[in-house]
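Reader: I'd like a close look at one small piece of this model, and then a walk outwards from there. Please keep it chatty.

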Amino acid sequence: MSRIGNKPIPVPKGVTIEVEGQRVKVKGPKGELEQSFRPEIKIEQKDGEIVVTRPSESKQHRSLHGLTRTLIANMVTGVTDGFTRNLEIAGVGYRVAKDGQALVFSLGFSHPVRIEPPAGVSFNVETPTRFSVNGIDKQVVGEQAAQIRKLREPEPYKGKGISYAGERIRRKAGKAGKVGGKK
């Protein structure tokens, strides 16, 4: 029994949801999202809530049940509050600056790296080493943050690179042969 799939999704004030067959369109104060879902899963709107039901107890239907409910809940959260992914830069001379809508990174390469935001995503630079990726679509925000992190992933010896805020980087000891001295 799916505990997540059985929970109804409350629809907050200011949000309109249109269910047309397997297409769900969510409009809210921050924007509009639309997505289609698998035909096996039934999506209904009742009494200001969205209810997701499955036809059988097969493994595929159970997994699709929870997935569909979570995706719709993320759409509702996105158009009301939005999603934010915070990132940090560590390393001497590593920094980020905002140029118009784009981010310009200095990451130790011979050239600055410029990243333009995709549609529905915005960047916010708090300090030269802290910035965030904001948007209404959770998948797009996470994907953009992952692509930025991939520019210079945190390395295990000094911890230099771009990491998610609060991410714990596993550190390595380095060359152990230098410690003992000659015999």
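In β3, which residue is the bridge partner of Thr16?

Author: Lys27 is the bridge partner of Thr16 in β3. Before we go on, this is a predicted model, so local features need pLDDT of at least 70 and side-chain atom pairs count only at pLDDT 80 or more, while totals for chains, interfaces and linings use all residues. Residues are numbered from 1 along each chain as its sequence is written, and side-chain values use heavy atoms, with hydrogens and water left out.

That bridge belongs to the antiparallel pairing of β2 with β3 (residues 23-27), which runs over five bridges. (Two strands pair if DSSP finds at least two bridges between them; strands are DSSP runs of E with at least two residues, helices are runs of H or I with at least four, and both are numbered from the N terminus.) Step back and you see an open sheet of three strands, β2-β3-β4, with antiparallel pairing. Its edge strands, each pairing on one side only, are β2 (16-20) and β4 (32-36). From one strand to the next, the twist averages 10 degrees; axes here are lines fitted to C-alpha atoms, for helices over the stretch in contact, and angles between N-to-C directions run from 0 to 180 degrees.

Further along the chain comes another open sheet, this one of four antiparallel strands in the order β11-β12-β7-β13. Here β11 (121-127) and β13 sit at the edges, each pairing on one side only. The strand-to-strand twist averages 25 degrees. Helix α3 packs on this sheet, touching β7, β11, β12 (130-135) and β13, and its direction makes about 150 degrees with that of β12. Within the sheet, β7 (residues 83-90) and β13 pair in the antiparallel sense over four bridges, and Ala90 stands opposite Gly161 in β13.

For a residue on that helix, try Gln144, which lies in α3 (residues 138-149). Gln144 counts as buried, at 8% relative accessibility (buried is under 20% relative accessible area, exposed over 50%, partly exposed in between, with a 1.4 Å probe and protein chains only). Setting aside neighbours within four places in sequence, Gln144 is in contact with Ile115, Glu116, Pro118, Val121, Phe123 and Val133, where contact means heavy atoms within 4.5 Å.

Gly166 makes a nice counterpoint: this glycine is exposed, with a relative accessible area of 71%. Gly166 is found in the loop between β13 (161-164) and α4 (177-180). Gly166 and Asn86 are 80 residues apart in sequence, yet 8.8 Å apart in space, C-alpha to C-alpha.

Then there's α2 (residues 59-80), whose buried residues include Leu64, Ile72 and Val76. After α2 comes Gly82, with a positive phi near 85 degrees.

Zooming right out, the protein has four helices and 13 strands. Its radius of gyration is 22 Å, well over the 16 Å the globule rule gives for 183 residues, so the protein is more spread out than a compact globule; the radius is taken over C-alpha atoms, and the rule is 2.2 Å times the number of residues to the power 0.38. Along its principal axes the C-alpha trace spans about 75 × 45 × 25 Å. Buried residues make up 32% of the 183.
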